[in-house]
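Load the model in your viewer and keep the selection panel open. The tour goes by selections, each followed by what is there.

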Amino acid sequence: MITKQMKLKFSTFKSLKNRIFFFFVVLLMLVQFIVFWSIRLAIKDQEENRLSSELASASEIFQTIFSTSHLTLNNFNQISNRILAENFSDDTKSFLRVLENFRSRVDADLAMAIESSGHIKAQILRNYLPNNTTKLTIGEQHQKEFSYPLDWIKNKESMKFYKIRDQFYQFSISEIFVGGGTSESIGWIAYGNRINNLLAGEFFRLNGYHINFRAANNKECILFATSKTSDSALNTNDLSNQCSLVTEGYEQSEPIALGSLGDYKISATIYGSRKDILFSIQQRWLLVSALAGLTLILSFFGAYFLAASISRPVRQLVEQAKYIARGHYNKSVHLEDSGEFGQLAHEFNLMQQAVLQREKEIRHNSSHDSLTNLPNRNVLFHTMADWLKNSIRHAIFLVKINHIREINESLGHEIADQMIKVVSERLETVNNVSLLSHLRTDEFVLLVDEKSTISVIRWIDKITEVLEAPFCTQGMNLHLQTNIGVALSHNGNTNPSDFLRMADSALQMARQQKQLFKLYDKSLDDEQADRLSVMNDLHTAISDDQFRLFYQPKLDLSTGKVTHVEALIRWFHPDKGMIPPDKFISIAENTGQIDQITFWVLEEAAKQYSKWREQDITLTIAVNISAQNLKSNKIYKSLMFILEQYNLDMKALQLEVTESAVVDDPATAIAVLSRFKKAGISLSIDDYGTGYSSLAQLKQLPVHELKIDMSFVRNLPNDEDDKIIVKSTIELAHSMGLSVVAEGVETEMALQWLDEQSCDIIQGYFISKPLPAEEFLTWLKGSDYF
């Protein structure tokens, strides 16, 4: 009886176990079958998608590379055409050197210069030799007529091609104008990259797909480049009429239209074998099948045990992730597990702390400058907005460190960055500053609570005091030169942008007037508006013939005769009347128009010299040149051209350069001035005594004359300090072999005193004010100095 009951229980248990087991087996097999079949369908779909997407992706990559190459040529062409325009009139040999210099920079296979008549001024080709080397040659079309109509050049196609014999080039062409401007066209500059087997081969090595390039019309099809050059069926020396042969045996291809050249349609074809493209997918299918079988077996044993052991810690991590997602970081997850889940929980906690730290750094970086670690514009604007909202009266000091750009170019960015850091550290030592902000590279802002009893002047003194010590680096002492714009909150400003704009307006005015600082008032806005108006009208002043030259005589004290005159430009504006030079010369320097104005003055002075020469009047005309003129050799070329054009002697014109122009960049100024001196041009240092040049610099200057600034001459001989300065300057100049001009002579007493000191030449209103050419000639003939 007992034995029967035990057998029944055992049989019942066994049957239940089998049914549960059978149920899970069927369920797992059904799930496995569905998964397996879904994977199979997905792989089938993937095969079809792969066929199309692979070629489409390859096509997109190719078009990106091809378009980038064309864009590079276009961009470089725009950059180089101004300089090439300046050299366009050079002889062929010189121009070829310049053209090759730019071709090598962009690494182009073809460089051409085409005159506006269609004549090819210059052509340079890079030929590819069989030994994988290249050779530069003068193109066969050099000094010949352009192969295509000029209308083809002017056609604004997005991409052009060019053909030289059987070679096709990706082509970029840009029109150039006289002087690098946009008014008078003188021709075109073109660069090209050859489309050859090397390009096709690079594409094949990049993604494994073959590509060929062809040009076709109604008569023929030319295959001019292909990546499949190793095929014995191809004759790589003659690829014409092989357009169909290259893609034979390849089931998948992607044609790409590139453009046209005459009646030829230029295109590329990307192609590959279906078997090759799908090989990796077939291998993946076999692997999936094997894994599916193995998974089915292991699933029976591992499902139950893994579910319980995995779900519990996962749930804890999920809860912690939700907690972090809500912005809470003060709670960590703890698992009593020394294995992977325990390690995962530990790493999760570390990640939580890292996220917290990164958020702090992001918040800090968003409100602080990366170089100086000072609060940036965001913090400044937020602080000013709060102060303005709460009617807290305050002042803003906008401090600009000058010549940072020159230090970058001459000493490097690292030295410039060190200087900015030193400036920030020094400004941090200024007491009672509510906020110190680094606005941009060379500008700092000090925000000050105006309740402080210290005046604006005292604040300026405090700022300049901490910046007074030189910045020492590489054995050099660099003096920090600054300008400061000041604005007060009670000027009616209502938002931070207006407040900062006011300080910036004051800063710009301080720089223009060469003052240490400027306090904003409403009149500055009017001055700024006038400045913008002048800037706009200056563009048409020359073309509208609004400039005139006035001439002021220079009296030679040894002969009592006028031997020189200074040409002084005047602008007669149709609406504003006569505008003096100090109102527009600095604008011309900042907007890049000073070269054009200087050229006009030189040419007008040359014309006037020629007219006086015809009347047997020989007067050397002194012309002022700007510091900006000395930053390149363009001024030298312009003057030599004018002297040759009007058949003038080198002594006809004299150049006056301000002392400050030499002090700003002595090395460049000395190099340019030395060329003038070598050519025989007389040079004079103008406004001497105002530029803080050293005796060492004066000794190196290749000049013939020193011109004492009128600020030291006007009060002679009554001012003892001026007498000492002028007398010592005359003695110093004579000891160095320089003649001396004193400008600003307004009294006979000053003339007599200067004559006693052996001054060579004087100039000033006592002799004559500046006069137009006709009035000057009348004055000269009626004076005792003729």
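**Stop one: helix α20**

Select Asp722, Lys723, Val726, Thr729, Ile730 and Ala733: these are the buried residues of helix α20. They lie on the same side of α20, because the arc they cover around the axis is only 140°. An α-helix has 3.6 residues a turn, so residues three or four places apart point the same way. The model is predicted, which is worth keeping in mind at each stop.

Now show the whole of α20, residues 720-735. The helix has 16 residues, and from its first C-alpha to its last it reaches 23 Å, close to the 22 Å expected at 1.5 Å a residue. Turn to the other side of α20 and pick Asp721, Ile724 and Ser735, which are exposed.

What covers the buried residues of α20? Display β23 (682-688), β24 (705-708), α19 (710-713), β25 (739-743) and α21 (748-756), which are included in that cover.

Two details sit at the ends. At the start of α20, select Asp719: one of its side-chain oxygens comes to within 3.0 Å of the backbone nitrogen of Asp721. Just after α20, select Gly737, where phi is positive at about 80°.

**Stop two: the six-stranded sheet**

Move to the open sheet, whose six strands follow the order β3-β2-β1-β6-β5-β4 with antiparallel pairing. Colour β3 (134-138) and β4 (160-164) to mark the edges, since each of these strands pairs on one side only. Ignoring direction, neighbouring strands of this sheet are turned by 30° against each other on average.

Add helix α2 (residues 92-106), which packs on the sheet. Helix α2 touches β1 (110-115), β2 (120-128), β3 and β6, and its direction makes about 45° with that of β2.

**Stop three: strands β4, β5 and β6**

Select β5 (residues 167-177) and β6 (residues 185-194), which run antiparallel and are joined by nine bridges. For one facing pair, pick Glu175, which stands opposite Trp188 in β6.

Then return to β4. Is this edge strand mostly covered or mostly open? It is mostly covered, with four of its five residues buried. Five bridges pair β4 with β5 in the antiparallel sense, and Phe161 stands opposite Gln170 in β5.

Finish at the hairpin of β4 and β5, which has two residues between the strands. Select Arg165 there: its phi is positive, near 55°.

Terms used. Residues numbered from 1 in each chain as written. Predicted model: local features only at pLDDT ≥ 70, side-chain atom pairs only at ≥ 80, totals over all residues. Heavy atoms only, no water. Pairing = 2+ DSSP bridges. Axes fitted to C-alpha atoms, helices over the stretch in contact; angles between N-to-C directions. Contact = heavy atoms within 4.5 Å. Expected span 1.5 Å × (residues − 1). Buried < 20%, exposed > 50% of the residue type's maximum accessible area, 1.4 Å probe, protein only. Arc of directions from axis to C-beta. Polar contact = N/O pair within 3.5 Å; in protein donor to acceptor, adjacent residues only side chain to side chain.
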